[in-house]
Amino acid sequence: MTEILTAAQMRSIEQAAIESGEVTGLELMERAGRGVVEAVFEEWPSYRLSPRRAIVLCGPGNNGGDGYVVARLLRDLHWDVTVFSLGDPEKLPPDAKTNYRRWLALGDVQPLSERAFRAAGAGYADLYVDALFGTGMSRPVSGEAWSVLTHLAGRNGDDYAPYIVAIDAPSGLCLDSGRLLGTANGSYAHGHNRFAALTVTFDSPKQGQFLADGPGLCGKLAVKDIGLRKWRETGAGRAMRLPQTVLVTDRSVVPDRRHALSPLRVPVKSERNIHAGHTHKFSFGHGVIVSGGAGRTGAARLAARSALRVGAGLVSLAVPPDAAAEVAAQITAPMMRAVPDAGAMAEMLTDARLNAICIGPGLGLGPNHAALVETVLKTGRPTVLDADALSLVARDDQLRNLLHQNCVLTPHNGEFKRLFPEIEARLSTPSAQSFSKVDAVRAAAAEAGCTVLLKGRDTVIATPQGQCAIHAAVYERAAPWLATAGSGDVLAGLIAGLLAQGYAAFEAAATGAWLHVECARQFGPGLIAEDLPEQLPGVLRRVISGEAGRV
Ligand SMILES: NC(=O)C1=CN([C@@H]2O[C@H](COP(=O)(O)OP(=O)(O)OC[C@H]3O[C@@H](n4cnc5c(N)ncnc54)[C@H](O)[C@@H]3O)[C@@H](O)[C@H]2O)[C@@H](O)CC1
Ligand SMILES: [K+]
């Protein structure tokens, strides 16, 4: 499992390590600088072959300290290195100052300004190292640093991005929220929404590298070990940083094949059942997908197919009588039950074998639909609420009060705003604050009393207890094709199918999010929502054989 850290959490780990007396800050800084050089050579292998020219921009804190280490290590390899410093290097914190002094034995340092940068023939370097600000960035960047950063980002038409390596973060990026602080549109210069080719971070990824503007500005992400694992996993370093957030990644999917389907490695009922010989279809649950009326049944049919494909033993569509013919004509494997009203829904759900429900896709917003949502919620069964069900809950406090901890809400941004207007306002207000999507979804889950999955390229899932996971379709997991009509219905169906198999709400949501993106990656361009469930057999086969993610 990959933990993902806030800047404060990273500081607490470093502090615990240093306070233990087993490692010094200076050693950590040396390892960090070495990690950056290593990552540079991995990214640009030809740079190993002959010395090149580098420009290193060093800031006023320890991020700048890492920069001085990188400058020294490259000079040791006979590179031509120019160093600029922001602020008076004599005022650097102790470890950074030591490395500044070590660099002075090899070369000089110029005060950073756009003019000096351009005068240095800065357009001709092979590598630009952004070591201005990292986890200590506390306010929007301004002045000469901002001028140089925007110049590097392309304000004056030069394209530096392919040669920039950022240490911990493109400077100005908030490592908690993933926002470029002080900007309205998340770019350094109008029309230029990328910055670095590579960002090198230490020990664990940071939230801001996966959220909002982060992935675009970071370019690629390399995580370098600097020997902090012990303090991350145990003792003070751990105690100081609860609650935890995890990253749902390829690597965390398969290590233990007994739990093959769950990126969070939660025991899955089905495997035990298989070994015990109990492979009756009811062992894998019976999901109910509530359909909208005639002409609106496509969403529920997509969800039903996804729930079946992901492994639910049985799936029944609950269909208003006027839509029965339409649904019957288009389904084979899912079953269908005519459900004219909430009374009939309640009666259907007296069957305790119906153990997971999905309601909302294509449902409608009338009083009869609200009554259906009410009936479903009153059963207390694991339930995915999506689309119209979310809009109904947003405008009806009585429904909202019926939400329970077996519910998963799967809003997109617009639905999230309707459900949690105050939290959304904090999230979307452009300002210098570091309130992140992780903070927002945690707050929403606590307010709603159930699991919330806020969709997006950066999907965040949280429980009322503060458990949180990020699944971001970025970097090597980018899946732009997923933005297609009906894709949300598939996600709702996947989660319902996992709930039917006994996954807890949080694990079902996280696993569903991972599988959803994996299916899109597997299919590639040209994807329409109907293609997603059809990718599941191949994706599941690779998950179970341990090859997941290596598409
Ligand atoms: N603490 C440690 O032991 C280690 C830290 N490391 C490096 O140290 C970095 C964190 O160092 P720091 O905590 O010193 O923080 P930074 O170096 O990120 O920045 C802090 C400094 O920048 C100033 N500052 C913040 N925002 C500013 C702004 N917008 N404009 C102008 N000045 C601003 C602060 O007043 C402070 O002087 C990490 O990102 C990493 O690169 C690594 O060397 C690994 C070990
Ligand atoms: K930086």
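Thr375 sits in helix α14 (residues 367-378); helices here are DSSP runs of H or I with at least four residues, strands are runs of E with at least two, and both are numbered from the N terminus. The model is predicted: local features need pLDDT of at least 70, side-chain atom pairs count only at pLDDT 80 or more, and totals for chains, interfaces and linings use all residues. Residues are numbered from 1 along each chain as its sequence is written, chains are lettered from A and ligands numbered from 1 in the order in which they are written, and side-chain values use heavy atoms, without hydrogens and water.

Thr375 counts as buried because its relative accessibility is 13%. Buried means under 20% relative accessible area, exposed over 50%, and partly exposed in between (1.4 Å probe, protein chains only). Outside its neighbours within four places in sequence, Thr375 contacts Ala342, Met345 and Ala346. Contact means heavy atoms within 4.5 Å. Met345 in turn touches Val288, Val290, Ala318, Val339, Leu372, Thr375 and Val376, with residues up to four places away in sequence not counted.

Met345 also belongs to the largest nonpolar core, which has 84 residues. Such a core is a set of buried Ala, Val, Leu, Ile, Met, Phe, Trp, Tyr and Cys residues joined through side-chain atoms within 4.5 Å. Phe117, Met345, Val373, Leu385 and Leu409 touch the most other members. Helix α19 (residues 437-448) gives the largest share, six residues. At least three residues come from each of domain 1 (22-242) and domain 2 (284-409 + 455-543). These bounds come from an automatic or database domain assignment. A second, separate core holds 54 residues, including Val310, Leu494, Phe506 and Leu527. In soluble globular proteins, nonpolar side chains tend to be buried together.

The chain as a whole contains 22 helices and 18 strands. Its radius of gyration is 26 Å, which agrees with the value near 24 Å for a compact globule of 551 residues. That radius is taken over C-alpha atoms, and the globule rule is 2.2 Å times the number of residues to the power 0.38. Along the principal axes, the C-alpha atoms fill a box of roughly 80 × 45 × 40 Å. Of the 551 residues, 59% are buried. Among contacts with a separation of 6 or more, 73% join residues 24 or more positions apart. The exposed area is about 21500 Å², with 51% supplied by carbon and sulfur atoms.

An unreviewed UniProt entry annotates residues 10-234 as "domain: YjeF N-terminal". This span is 36% helix and 15% strand, and its end C-alpha atoms lie 14 Å apart.

In helix α6 (residues 143-152), the buried residues are Ala145, Val148, Leu149, Thr150, His151 and Leu152. The buried residues of α6 pack against β2 (53-58), α5 (114-119), β5 (127-131) and β6 (164-167). Gly154 follows α6 and has a positive phi, near 115°.

Positive phi also appears in residues other than glycine. His78 has phi near 75° and lies in the loop between α3 (62-76) and β3 (80-85). His78 counts as exposed because its relative accessibility is 65%. Asp168 has phi near 70° and lies in the loop between β6 and β7 (198-202). Asp168 is buried, because its relative accessible area is 7%.

How values were computed: Areas by Shrake-Rupley, 256 points an atom, 1.4 Å probe, with all protein chains shown as cover. UniProt positions renumbered as here; feature names shortened; annotations may be inferred.
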